[in-house]
Amino acid sequence: MEDNNHNSTSTSVMSSASELPEPDVQILTSGGVRIPAHSSILAMVSPVLDNIMEKPVKHGSSERVIPILGVPCDAVSAFIKYLYDSMCTEEQMEKYGIHLLVLSHVYLVPQLKQRCSRGVSQRLTVENVVDVLQLARLCDAPDLYLKCLKQVTARFKAVEQTEGWKFMQEHDPWLELHILRFMDEAESRKKRRWRQRKEQRLYLQLSDGLECLEHICREGCTTVGPYDVETAKKPSPCDKYATCQGVQMLIKHLVLCKRRASGVGCCRCNRMWQLLRLHSSICDHPDSCRVPLCRQFKWKAQQKMGEDAKWKLLVKKVCSAKAMSSLSLPKRKREEELKETMGRTANALKTFRLY
């Protein structure tokens, strides 16, 4: 049986070197199997094997033998074959991917190491992920190491029940601590991204509200419009009618609120005042703007020598959300909106008309 394995292994390697001279080195594997190879090929691909073969042969023997032990014979055969033709089949990766990863790390074959990292990462399971994680750390394979950490984080409850995890807890507590820290940081990043997306949606809603406010003050929408624009019929709903309707309701409330008339504003009135103030902080043409109180808010901010830091941050965030929203629009639509903005009338608006 051993002779059959020896013959099949030698044949698989030598098939890649049929046009080369006679082999001048023997690779000794576990079980005493020897694989013939060419020192020039091995030295060209692996600097470690090159250094080994530069050493003089002991006892004056003409035969050079390089032992590669601790891994299956077929894995060594696949490794030597890769040194010849740079080929590694999916079947070999399935059977000996972990062994080839170790050999590529020990003998400094970076192309095979990258191939093994990808191949092993595609075959991670709950049962082997902890073992592969430890191996990736020892073999300095950062991509595979990160993939294992993410796999452990995603399926921690199942991984925690495996023998690999229990063994690691007993023999490598520092790695367990590192995994738990990674999981905590991943959860923190997830919450931070969720909070940022929520804030971005809020700023985008404010940006849409400002656009609707300008749209209402310019040509009107359904039930609210500028007092000095006569229309035969109510304007039709706009593209952002859901947001526009909310702004119209705030405008109606501001006009009709009895608490505001008595000098005591309510929360809805304050919300409308803040929307008007926010528009004034962003508006670049207050002299020609049709939004009510735009110039007054601008003048008041100048009298106070600027606005407070929190308000400036809010203005900055809304402007950023508006810019990102405009970039997501098609080019033709952005050009049309730009022409529409440039062609606004120069008449100031002092009140609203309720249709």
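## Why do we call it that?

Mentor: Let's start with Ser117: leaving aside neighbours within four places in sequence, it is in contact (heavy atoms within 4.5 Å) with Leu101, Ala141 and Leu144. This is a predicted model, in which local features need pLDDT of at least 70 and side-chain atom pairs count only at pLDDT 80 or more, while totals for chains, interfaces and linings use all residues. Residues are numbered from 1 along each chain as its sequence is written, and side-chain values use heavy atoms, with hydrogens and water left out.

Trainee: Where does Ser117 lie, and what makes it count as buried?

Mentor: Ser117 lies in helix H6, residues 110-121; helices here are DSSP runs of H or I with at least four residues, strands are E runs of at least two, and numbering starts at the N terminus. Buried means under 20% relative accessible area, exposed over 50%, partly exposed in between (1.4 Å probe, protein chains only). Ser117 has 11%, so it counts as buried.

Trainee: What about the chain overall: how many helices and strands does it have, and how much of it is buried?

Mentor: There are 17 helices and five strands, and 37% of the 355 residues are buried.

Trainee: Why are H7 and H8 called roughly antiparallel?

Mentor: H7 (residues 129-138) and H8 (residues 142-154) pack at about 150°, with axes 8 Å apart. Axes are lines fitted to C-alpha atoms, for helices over the stretch in contact, and angles run from 0 to 180 degrees between N-to-C directions. Under 35 degrees is roughly parallel, over 145 roughly antiparallel, 65 to 115 roughly perpendicular, and the rest oblique. An angle of about 150° lands in the over-145 group, so this pair is roughly antiparallel.

Trainee: Which residues of H7 and H8 make the contact?

Mentor: H7 brings Val129, Val132, Leu133, Ala136 and Arg137, and H8 brings Leu144, Tyr145, Cys148, Leu149, Gln151 and Val152. Sorted by class, that's nine nonpolar, one polar and one charged residues. Ala, Val, Leu, Ile, Met, Phe, Trp, Tyr, Cys and Pro count as nonpolar, Asp, Glu, Lys and Arg as charged, and the others, Gly among them, as polar.

Trainee: How many disulfides does a search of the whole structure find, and how do you know that Cys139 isn't in one?

Mentor: Zero. A disulfide needs two cysteine sulfur atoms within 2.5 Å. For Cys139 the closest cysteine sulfur, in Cys116, is 9.7 Å away, so that's too far for a bond. Cys289 is in no disulfide either: the sulfur of Cys294 is its nearest, at 3.9 Å.

Trainee: What makes Cys139 and Cys289 buried?

Mentor: Cys139 has a relative accessible area of 3% and Cys289 has 6%, so each falls under the buried cut-off.

Trainee: Where is Cys266 found, and which residues does it contact?

Mentor: Cys266 sits in the loop between H13 (258-261) and H14 (267-282). Ignoring neighbours within four places, it touches His253, Cys257 and Arg259. At 10% relative accessibility, Cys266 is buried too.

Trainee: What is unusual about phi in Leu293?

Mentor: Most residues other than glycine have a negative phi. Leu293 isn't a glycine, yet its phi is positive, near 65°. Leu293 is in the loop between H14 and H15 (294-303), and its 29% relative accessibility makes it partly exposed. Ser86 also has a positive phi, about 55°, without being a glycine; Ser86 lies in the loop between H4 (73-85) and H5 (90-106).
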